[in-house]
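The following note sets out points for consideration on the model shown below. They concern the ligand site first, and then aromatic pairing and backbone geometry.

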Amino acid sequence: MVKGVNSMIKIAVMGYGTIGSGVVKVIGTNQDSICKKIGEGIEVKYILDLRDFEGDPIQSKVVHDYKVIAEDPEVAVVVESMGGVEPAYTFVKAMLMAGKSVTTSNKALVAAHGSELIAVAKEQNANFMFEASVGGGIPIIRALNSCLTADRIEEISGIVNGTTNYMLTRMADAGCEFSEALKEAQEKGYAEKDPTADVEGHDAGRKIAILTSLIAGQQVDFEDVYTEGISKLSAIDILYAKKMGRTIKLLATSKQIGDTYAVMVAPFLLPQEHPLYTVNGVFNAVFVRGNMLGDAMFYGSGAGSLPTASAVVADVVELAKHLGKHIEIEWRPQKLAIADYRQQSARFFVRAACSKKAVEDAFGEVEYIEVPKAEGEVGFVTAQMKEAEYIEKAKGMGNIIQMIRFH
Ligand code: HSE
């Protein structure tokens, strides 16, 4: 309706923080080319925030009540960049119910309510998009929803958390401990004061739950995703990794097993030939294997104001081009029973405070890895086996200091 009445698409931005201000900046900087791509003008009519931003050029657009936006028929597209589940969920649902299309960068909202919000958008002949919720500026959501729909996706393995990838890169480059890498990341603004969500893998867990929901076409709850973070990794683990010609990366992985997927987040030892091996610093990358496509990898800036805002504004363009037409996204609300990650096979790198005899009694033939400074322990790599089998054998041996899976 708005499209026919105005030659200008009016949008609103809910939350004028890092991402919301980036959205206004991207639209301001690339206004001409964005308008040409939409085929109409674009104007930010409202900015919803608790603050007033006195003296800021956007001050006149600031509103404090989301209903002003919901009740204004001129607003066709709404950006949600507030973060957190509430009140974002209430506000986004109200916008969709009012017939507006919405794009969000908020992975907590998408992981918890993505399926429902897509259904509400469909009922209203509108759209709910969330490109920026995984991988920041990397186009992975649209790739899965549009470009890779001819494939059955057999695997997604991603470095989807820039904070931990920066820390692991520093640990590898400088040989420092986890605590030093964290301090450095916090000083550079790459890690929060409370880094739990990033370093314990919860952020990556939400992101792989979203990606798996999209490739499976139904709900994957992030609470069901087995998650290990990087806080128990140490400089000596990095030494072992280097000795093996490998690197340690926090991977969020989803692998097809029959009609379902085994989904997990954990540190993995990657060989040099793996495409994710060279993804360093705050960069993100998502490796996808399709049954027709074979392998593909999506690489780029996974966080930050402008890269994330770039993905949000690309959604705004897509939404503006499809006013009054729902774009199908298959994400049914029925919960997917994900496979037990312990049914997956791997080789396991283990450090244990025991004798080689005890290792061989438990695991049979293994490959020993020796590094300087590793006193009072043995480092070894097991043969390929199911993780359930590894757990049984490790229980029998005892005294495990560390275990990291090969990828
Ligand atoms: N802390 C997150 C990261 C922010 O580093 O990936 C983007 O989700």
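1. How far is an oxygen atom of the ligand from a polar backbone atom of Gly162? The model is predicted, and in it the separation is 2.9 Å. A ligand oxygen also lies 2.9 Å from a polar backbone atom of Thr163. With Lys207 the partner is an N or O atom of the side chain, 2.8 Å from an oxygen atom of the ligand.

2. The protein covers 77% of the 260 Å² of accessible area that the ligand has on its own. As to location, the ligand sits in the largest pocket. Two elements give two or more residues each to the surrounding shell, namely helix H8 (162–174) and helix H11 (202–216).

3. The shell around the ligand consists of Lys107, Val160, Asn161, Gly162, Thr163, Asp198, Asp203, Lys207 and Ala303. By class, four of the shell residues are charged, three are polar and two are nonpolar.

4. Across the whole structure, a search finds eleven aromatic pairs. One of them joins Tyr16 and Phe53: the ring centres are 5.0 Å apart and the planes meet at 80°, so the pair is edge-to-face. Tyr16 belongs to the loop between strand S1 (8–14) and helix H2 (18–29), and Phe53 to the loop between strand S2 (41–48) and strand S3 (62–63); the pair therefore ties together parts that are 37 residues apart in sequence.

5. Phe53 also merits attention for its backbone. What is the phi of Phe53? The angle is near 55°, a positive value in a residue other than glycine. The residue is found in the loop between S2 and S3.

6. A second backbone feature concerns a proline. The peptide bond from Glu86 to Pro87 is cis, with omega near 5°. Pro87 is found in the loop between strand S4 (75–80) and helix H5 (88–97). As general background to this point and the preceding one, most residues other than glycine have a negative phi, and most peptide bonds are trans.

Technical notes:
Residues numbered from 1 in each chain as written. Predicted model: local features only at pLDDT ≥ 70, side-chain atom pairs only at ≥ 80, totals over all residues. Heavy atoms only, no water. Near = heavy atom within 4 Å. Polar contact = N/O pair within 3.5 Å; in protein donor to acceptor, adjacent residues only side chain to side chain. Areas by Shrake-Rupley, 256 points an atom, 1.4 Å probe, with all protein chains shown as cover. 1 Å grid on protein atoms, 1.4 Å probe; cavity = no way out; pocket = protein on both sides within 12 Å on 5 of 7 lines; lining within 4 Å. Sits in = over half its atoms within 2 Å of the grid points. Helix = DSSP H or I, 4+ residues; strand = E, 2+ residues; numbered from the N terminus. Nonpolar A, V, L, I, M, F, W, Y, C, P; charged D, E, K, R; others polar. Phe/Tyr/Trp six-rings, centres within 6.5 Å; stacked < 30°, edge-to-face > 60°.
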